[in-house]
Amino acid sequence: MSDTPFGFGLPPEEPEDGDEGKKKDQQSGGGQGPANPFGFGLPGAGGMGGGADNPFAAMFGSLNPTDLGAAFQQLGQMLSYEGGPVNWDMAKQIARQTVSQGTADGTKDASVGPSERTAVQEAVRLADLWLDDATSLPSGAGTAVAWSRAEWVEATLPAWQELVDPVAERVGTAMGDVLPEEMQAMAGPLIGMMRSMGGAMFGTQIGQAVGVLAGEVVGSTDIGLPLGPAGKAALLPVNIETFGKDLGVPKEEVRLYLALREAAHQRLFAHVPWLRSHLFGAVDGYARGIKVDTAKLEDVVGQFDPQNPEQLQDALQQGMFQPEDTPEQKAALARLETALALVEGWVDAVVHAAAKPRLSSADALRETLRRRRASGGPAEQTFATLIGLELRPRRLRDASRLWASLTDARGVDGRDALWAHPDMLPTAGDLDDPDGFVHREQIDFSELDKMLGEAASGAGEKPNLKKDDDSKDDGSKGDDAKGDGTE
């Protein structure tokens, strides 16, 4: 994946005439190199059929007619775009191109066959049956689908748009505001062109990142966020094959374990209605705190040379966008990281409880997935590149232990009841002291309901907030409490 944040170079393509084509590209300045993001020679770069006194020949002379048409098409897309902060049509096009090239290990995308679709549907159906014993949340997967990488791109782009647009909007506004107000009216066409180019820059970089990510993910919830349509559990057979290649675990067990994870995520996001907006809102809150180095941006705009557009790309690469070190920004980051850890920790604990008695490879697969998430990969690098934020639950193991302890102390129903409201969930501090949270006295809502009922009926007696010793039926508080939960 490209390491250039918000760059706008297209994925490289092999010249039609092989090595000779490569040599020509290197000599003429054509091709798709990093110093030539638009895919055609720049004025002064030399080329066939013209020199410095013929800028069009210098710019396009080294291209064959096919490349020339593609260059004009791309330039037209960049300058004619009038939509939002990201050119999502271009992002989709670039992502599809990246997917079609295959992954670094040579694996190509492939259409999903009927047998693979059936295998995925059966795996998700069985996973849901197993999860019924491990969680009180009912099934959240109305359908189970098997996607190719290209289908994953198509299905997840709406979620990427929701996640990335706030960041791109922030940056785009800054690019248009660097000029004094009196100059903005005079420089309207230039500002419009810059915003169009900015939308294309974001679109191309996002397209590259999402295209690379499509080559790794095994489902729709790999990064802890619901990227696919609601109620649709999705697995990618070609990537599952690659994931399990060297594990020494039967393919059926790998697919079933990953189906358990996908189905568990679906249950959580389907039956905790505030969770999705909570996570996406935290990303948006983080985006609002991104600080743009306006001094650097003003300097770049002041020296901007239309014949040298890659200088803008270089400036964007050099840390122009940094999060503000404010209490609000730190709180947004902590809220997002804690929420992700709790989601992934819950899924890890629930899936392990469902798989451990049934799959001999449960422990090995669990550890593989933990290390995959902890070490980071294209999934985490994608978001780090797009918005400067690593969406990696740094405290996955702590959260998983806390959920497991809650299961032991309060049972499955008591554990899952904490998802009823965000204020009931463990905090970052609770991950530091899980035992303290697990054994903390909880509010007796049944007693509160009784009080409210008496008040509503006009009972003259003042409600007694304390339980009599002989009213205890749960082994809590009191000198004669056994503490074992028995009557």
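Where is Val 218 found? In this predicted model, Val 218 is found in the loop between α8, which covers residues 188-213, and β2, which covers residues 232-235.

## Val 218 and its surroundings

Although Val 218 belongs to a loop, the residue counts as buried, because its relative accessibility is 6% and buried means under 20%. Leaving aside the neighbours within four places in sequence, Val 218 is in contact with Ala 234, Leu 235, Leu 236, Asn 239, Ile 240, Phe 243, Leu 258 and Arg 372.

A further relation links Val 218 to a distant part of the sequence, since Arg 149 is 69 residues away along the chain, while the C-alpha atoms of Val 218 and Arg 149 are 9.5 Å apart in space. Val 218 also takes part in the lining of the largest cavity, which is described further below.

## The protein as a whole

The secondary structure of the protein comes to 20 helices and four strands. Of the 487 residues in the protein, 46% are buried. When contacts between residues at least 6 apart in sequence are considered, 76% of them join residues that are at least 24 apart.

One of the helices, α11, runs over residues 275-288 and has 14 residues, and the distance of 20 Å from its first C-alpha to its last is close to the 20 Å expected at 1.5 Å a residue. The buried residues of α11 are Leu 275, Leu 279, Phe 280, Ala 282, Val 283, Gly 285, Tyr 286 and Ala 287.

## The largest cavity

The structure holds two cavities of 30 Å³ or more, and about 120 Å³ of space lies in the largest of them. The lining of the largest cavity is formed by Val 218, Gly 219, Thr 221, Asp 222, Leu 258, Arg 261, Glu 262, His 265, Glu 344, Leu 369, Arg 372 and Arg 373. Two elements give two or more residues to this lining, namely α10, at residues 251-271, and α15, at residues 362-375.

The largest share of the lining, four residues, comes from α10. Sorted by class, the lining of the largest cavity has three nonpolar, three polar and six charged residues. Two of the lining residues, Leu 258 and Arg 372, are also among the residues that Val 218 contacts.

## The second largest cavity and Asp 348

The second largest cavity has a volume of about 40 Å³, and the residues that line it are Arg 261, Glu 344, Asp 348, Leu 369, Arg 370, Arg 373 and Leu 396. The elements that give two or more residues to this lining are α14, at residues 327-355, and α15, and α15 gives the most, with three residues. By class, the lining of the second largest cavity divides into two nonpolar, no polar and five charged residues. Arg 261, Glu 344, Leu 369 and Arg 373 appear in the lining of the second largest cavity and also in that of the largest cavity.

What, then, does Asp 348 touch, not counting residues up to four places away in sequence? The residues in question are Arg 366, Arg 370, Leu 396 and Ser 400. A polar contact of 2.9 Å joins the side chains of Asp 348 and Arg 370, and both of these residues line the second largest cavity. Asp 348 lies in helix α14 and counts as buried, because its relative accessibility is 4%.

## Two buried leucines in helices

Leu 131 has its place in helix α5, which covers residues 114-131, and it is buried, with a relative accessible area of 0%. Although Leu 131 and Ala 354 are 223 residues apart in sequence, their C-alpha atoms are 5.8 Å apart in space. Beyond the residues up to four places away in sequence, Leu 131 touches Leu 260, Ala 263, Ala 264, Arg 267, Val 350 and Ala 354.

Leu 431 lies in helix α18, at residues 428-432, and counts as buried because its relative accessibility is 5%. Not counting residues up to four places away in sequence, Leu 431 touches Leu 342, Arg 395, Asp 398, Ala 399 and Leu 402. The C-alpha atoms of Leu 431 and Ala 341 are separated by 9.5 Å, while the two residues are 90 residues apart along the chain.

Terms used. Residues are numbered from 1 along each chain as its sequence is written. This is a predicted model: local features need pLDDT of at least 70, side-chain atom pairs count only at pLDDT 80 or more; totals for chains, interfaces and linings use all residues. Side-chain values use heavy atoms; hydrogens and water are left out. On a 1 Å grid over the protein atoms alone, a cavity is a set of points where a 1.4 Å probe fits but cannot get out, and a pocket is an open set with protein on both sides within 12 Å along at least five of seven lines; lining residues have an atom within 4 Å of a point. Grid points are joined across faces, edges and corners, and a volume is the space filled by probe spheres set on the points. Ala, Val, Leu, Ile, Met, Phe, Trp, Tyr, Cys and Pro count as nonpolar, Asp, Glu, Lys and Arg as charged, and the others, Gly among them, as polar. Buried means under 20% relative accessible area, exposed over 50%, partly exposed in between (1.4 Å probe, protein chains only). A polar contact is a pair of N or O atoms within 3.5 Å; within protein, one must be able to donate a hydrogen and the other to accept it, and residues adjacent in sequence count only if both atoms are side-chain atoms. Contact means heavy atoms within 4.5 Å. The expected span of a helix is 1.5 Å times one less than its number of residues.
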